[in-house]
Amino acid sequence: MKRIVTFVLVAFLISSFAFAGGQKEESSADGRMVLTMTSSYTKEESATDNTRKMPRDTILEYAENNADTLDLQITEFQHNDYETVIQARAAANDLADVFIMKGSWVKNFYDSGLIADLTGYVEECPWLDEYRDGLFFPATVDGKIMATPMQFSTTSIVFYNKDLWAKAGYDEFPSTWEEVFAAIPKFEEMGVYPIAFGNRDKWQFNSSWISTLGPRFCGEDWVDSIIEGSEDVAFTDPEFTKLLEFVVQLGQSGLFNPDYSVVDNQNASSLFLQGKAATTIDGYWNVEYMASSATPEVLENIGFAYMPTIEGGIGDPTSASSGCGWFCGVNSSLTGERLAKAAELALYISGPALSQRMTDVGLVSTCNTPPSEGVEFDTLHTNYLAFVDNATSTVPIWDANMNASLIAVMNDQFVELLAGRTTPEAAAEIIQAEYEATR
């Protein structure tokens with residue numbers, strides 16, 4: 001007889017108390033092992049977003065396949081609430097046995113002794129060689145692998161309306177920022193925003209813009225050194241200050257919809273899909289949002305491009321920030337068979353079982369998995385796959401690889417710079433102070 005998987009969608013107002021108090025049970029009344037799990041993949045979000053649906057389906061598949069011996073108790077939180085919930089539970093030392101987590105949290109959780117070392121389990125994983133290169137890097141601390149990758153995320157994609165840019169005099173999206181700025185008056189005449197932008201939650205500018213712009217100004221070696229916590233580089237270096245000067249220019253240029261600071265990235269995509277903006281810059285998750293929100297005619301008119309080049313820049317002009325931003329971690333309190341089972345779960349939901357699902361809906365995932373026989377993709381997904389394949393290099397996603405506290409300070413300073421309320425020099429000093437405190 002099939003067992004029922006236990007999972008609950010907890011409303012945000014009570015989420016912080018979902019597991020508070022009491023001893024966690026290790027076995028159910030019928031003798032099965034009990035593992036708790038917190039997930040940011042909800043049934044509601046999965047209905048329209050394959051980047052949420054495929055991980056959720058893989059988790060539920062594992063639970064069903066192991067239901068005779070395992071009672072996997074899953075609590076789901078809406079994605080926008082998830083960070084607040086998990087950080088609060090981490091502070092209370094009340095994490096679930098298995099939990100989805102950001103790469104930028106790994107170092108803090110490791111230093112606090114909250115997550116288990118999965119190195120041995122990863123090294124013995126039968127599909128280890130199938131994972132894409134570099135995905136475990138953000139989850140590796142002191143040579144130990146502390147979590148498994150849940151995605152291959154390209155966070156910086158230029159989506160552009162081919163018809164609107166043609167009316168502005170461009171056969172394709174401009175390859176330089178000088179051309180983009182020069183097009184602003186043409187879009188103003190059309191009554192169209194050049195770029196739809198939503199930075200209400202602050203992460204979007206860092207993840208989708210700075211992760212790719214950073215290496216263009218500072219160089220990839222500089223970025224790698226910052227991620228490693230090197231004392232040989234600093235956020236007060238001239239190249240980073242120049243990047244901040246460009247941030248100020250972006251904010252004052254008239255490129256964006258005026259309400260960008262109070263709307264989110266999906267609101268920005270809606271403006272773009274309605275033809276009210278000529279461009280939006282976002283991540284791979286936006287492919288699914290667009291696919292579920294627009295008519296085929298609108299989708300056929302969407303082009304893909306790389307971030308424009310910088311005059312005098314030093315980075316690869318066809319690079320895109322890519323890697324893994326979300327991982328699956330295991331509670332350090334687990335031992336013996338429960339730790340082994342939790343590690344098995346973390347590897348299963350991040351491996352070929354997930355990747356096949358993602359590949360078959362036209363998304364790139366954790367493993368190099370070819371699509372199933374007979375699978376065909378629409379134009380939007382075909383163009384996305386070509387965008388990923390044609391990128392000559394990838395650069396790290398800043399908010400997946402740098403310390404979470406540093407990213408929070410950086411995000412706040414980007415908000416101030418875009419609004420013209422601070423100077424590049426002042427922002428650089430504040431960011432550098434946090435870097436020195438957290439490296």
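Helices (H or I, at least four residues) and strands (E, at least two) are DSSP runs, numbered from the N terminus. By that count the protein has 21 helices and 14 strands. This is a predicted model, where local features need pLDDT of at least 70, side-chain atom pairs count only at pLDDT 80 or more, and totals for chains, interfaces and linings use all residues. Residues are numbered from 1 along each chain as its sequence is written, and side-chain values use heavy atoms, with hydrogens and water left out.

**Stop 1: the whole chain**

Show the full C-alpha trace. Along its principal axes it spans about 70 × 50 × 40 Å. The radius of gyration is taken over C-alpha atoms, and the globule rule is 2.2 Å times the number of residues to the power 0.38. The protein has a radius of gyration of 22 Å, close to the 22 Å that the rule gives for 439 residues, so it is as compact as a globular protein of that length.

Now colour by accessibility. Buried means under 20% relative accessible area, exposed over 50%, and partly exposed in between (1.4 Å probe, protein chains only). Of the 439 residues, 56% are buried. Next, contacts (heavy atoms within 4.5 Å). Among those with a separation of 6 or more, 77% link residues 24 or more positions apart.

**Stop 2: helix α4**

Select residues 79-91, which form helix α4. The expected span of a helix is 1.5 Å times one less than its number of residues. For the 13 residues of α4 that gives 18 Å; the end C-alpha atoms are 19 Å apart, which agrees.

Which residues of α4 are buried? Pick Tyr-82, Val-85, Ile-86, Arg-89 and Ala-90. They cover an arc of only 130° around the axis, which puts them on the same side of α4. The arc is that of the directions from the helix axis to the C-beta atoms. Turn to the other side of α4: Asn-80 and Ala-91 are exposed there.

**Stop 3: two positive phi angles**

Step just past α4 to Asn-93. This residue sits in the loop between α4 and β4 (98-102). Its phi is positive, about 55°, although Asn-93 is not a glycine. Asn-93 is exposed, at 61% relative accessible area.

Jump to Asp-142, in the loop between β5 (140-141) and β6 (144-145). Asp-142 is not a glycine, yet has a positive phi of about 55°. Buried or exposed? Asp-142 is exposed, at 62% relative accessibility.

**Stop 4: the sheet around β9**

Strands of a sheet pair through backbone hydrogen bonds, either parallel or antiparallel. Two strands pair if DSSP finds at least two bridges between them.

Select β9, β10 and β11. They make an open sheet of 3 strands in the order β10-β9-β11, with antiparallel pairing. At the edges are β10 (279-282) and β11 (302-305), each pairing on one side only. Neighbouring strands here are turned by 25° against each other on average, direction ignored. Axes are lines fitted to C-alpha atoms, for helices over the stretch in contact, and angles run from 0 to 180 degrees between N-to-C directions.

Zoom in on β9 (residues 157-161), which pairs with β10 over 4 bridges. Val-158 stands opposite Ile-281 in β10. Then add helix α14 (residues 285-293): α14 packs on the sheet and touches β9, β10 and β11. The direction of α14 makes about 135° with that of β10.

**Stop 5: the sheet around β12**

Finish with another open sheet of 3 strands, ordered β8-β12-β14, with mixed pairing. Its edge strands are β8 (153-154) and β14 (393-395). Strand β12 (residues 319-323) runs antiparallel to β8, joined by 2 bridges. Look for Ser-153 opposite Gly-323 in β12.
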